[in-house]
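User: I'm new to this one and I'd like to know where the labels come from. Could you show it to me and explain as we go?

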Amino acid sequence: MSLAFGLAWYFFLICTRIFYFVTRNRFDRKRRIPVFLSHVWGTLILRMSQSFPYIENRALLDDLYKSNTTVMFVANHNSWLDIPLMGATIGWRNYKFVAKHELRKIPIMGDAISLGENILVHRTDRKSQIKALKGGIRWLKNGVHLCTFPEGTRSRGGRLMEFKQGAFVMAQKAGVPIVPLSIVSTAKVMPCHWMFPFSSTRSIGSGSACGVKVVVHKPISSVDKTIDELCTAARQAIISGLPEEQRPLE
């Protein structure tokens, strides 16, 4: 089933690429179509695998959307499942991921990332980092949400790792708030070395203390705060929503 959804996703991405070529990119300048297609694919995968998350404090996002506030979403990262879960939490909005450049090599996903003009960065290339920083600030100032995993990669041990500061620099420069998200127990459904869910959230008690859920935290204003202060505040918020086995060893 996942393969069938993936092929359908790829087909519509090809159609979208042709559309952009024929229209010479005069339409959909914010690249909403690829995001919509990827969101449909992610939602279907979550629904069919019974892995759609329980979202705690969703009303906080509703209030932000009503005020047309653009935000930077940051979350912990344990599993490939975190990507569609973050999308499911954000909802049917235009958003871009800030991700490592190596993801372009993944079939279909790499095409979606490129076509949607998500922000990709070479972690060891200074020029790439500066380009990503400028691209992220541009999207935020144009009213497009950004989302990323500030740990930079999946935590193999399951515990929260140290944060990189790029996302917080983007938020501060663009003057947008940061919304921390705590993603709970995804490694139980889809361990970091698996590409598809092998269990459902129901089998581990969705919405319970041990089930898969996403905790939305209050927005953190980036005004009059240093990068270190933003990073620390977001990290502490995420930790507060994680179970003991996912918290860092201090």
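User: What volume does the second largest pocket have, and what makes it a pocket rather than a cavity?

Analyst: Its volume is about 320 Å³. Among its 15 lining residues, Asn 118, Ile 119, Leu 120, Lys 131 and Ala 132 are the closest to the centre. It's called a pocket because it is an open set of points on a 1 Å grid over the protein atoms alone, with protein on both sides within 12 Å along at least five of seven lines, whereas in a cavity a 1.4 Å probe fits but cannot get out; lining residues have an atom within 4 Å of a point. The volume is the space filled by probe spheres set on the points, which are joined across faces, edges and corners. Keep in mind that this is a predicted model, so local features need pLDDT of at least 70 and side-chain atom pairs pLDDT 80 or more, while totals for chains, interfaces and linings use all residues. Residues are numbered from 1 along each chain as its sequence is written, and side-chain values use heavy atoms, leaving out hydrogens and water.

User: Which element gives the most to that lining, and what kinds of residue are there?

Analyst: Helix 6 gives the most, with six residues. Helix 5 (109–115), strand 4 (119–121) and helix 6 (126–141) each bring at least two. Those elements are DSSP runs numbered from the N terminus (helices H or I, at least four residues; strands E, at least two). By type, the lining has five nonpolar, six polar and four charged residues. Here Ala, Val, Leu, Ile, Met, Phe, Trp, Tyr, Cys and Pro count as nonpolar, Asp, Glu, Lys and Arg as charged, and the others, Gly among them, as polar.

User: Why is Ser 79 called buried?

Analyst: Ser 79 has 0% relative accessibility, and buried means under 20% relative accessible area (exposed is over 50%, partly exposed in between; 1.4 Å probe, protein chains only). So Ser 79 counts as buried. You'll find Ser 79 in the loop between strand 2 (72–75) and helix 4 (82–90).

User: What makes the link from the Ser 79 side chain to Leu 81 a polar contact?

Analyst: The side chain of Ser 79 reaches the backbone nitrogen of Leu 81 at 3.0 Å. A polar contact is a pair of N or O atoms within 3.5 Å (within protein, one able to donate a hydrogen and the other to accept it; residues adjacent in sequence count only if both atoms are side-chain atoms), so the distance fits.

User: How do you know that strand 2 pairs with strand 5 and with strand 6?

Analyst: Two strands pair if DSSP finds at least two bridges between them. Strand 2 has three bridges to strand 5 (145–148) and four to strand 6 (178–184), both in the parallel sense. Met 72 has Leu 146 as its bridge partner in strand 5 and stands opposite Ile 178 in strand 6, while Val 74 partners Pro 180. Strand 6 also joins strand 7 through four bridges, this time antiparallel, with Ile 183 opposite Val 214.

User: What makes strand 6 a covered strand?

Analyst: Seven of its seven residues are buried. Ile 178, Pro 180, Ser 182 and Val 184 lie on one side, with Val 179, Leu 181 and Ile 183 on the other. Strand 2 is covered on both faces too, by the buried Met 72 and Val 74 on one side and Phe 73 and Ala 75 on the other.

User: Why do Glu 56 and Lys 213 count as a salt bridge?

Analyst: Their closest N to O distance is 3.2 Å. The rule asks for a side-chain nitrogen of Lys or Arg within 4 Å of a carboxyl oxygen of Asp or Glu, so the pair passes. By that rule there are four salt bridges. Another of them joins Asp 111 and Arg 17 at 4.0 Å. That pair links helix 5 with helix 1 (2–23), 94 residues apart.

User: And why is Glu 162 called exposed but Arg 235 buried?

Analyst: Glu 162 has a relative accessible area of 60%, so it's exposed, whereas Arg 235, at 10%, is buried. Their side chains meet in a salt bridge too, at 3.7 Å.
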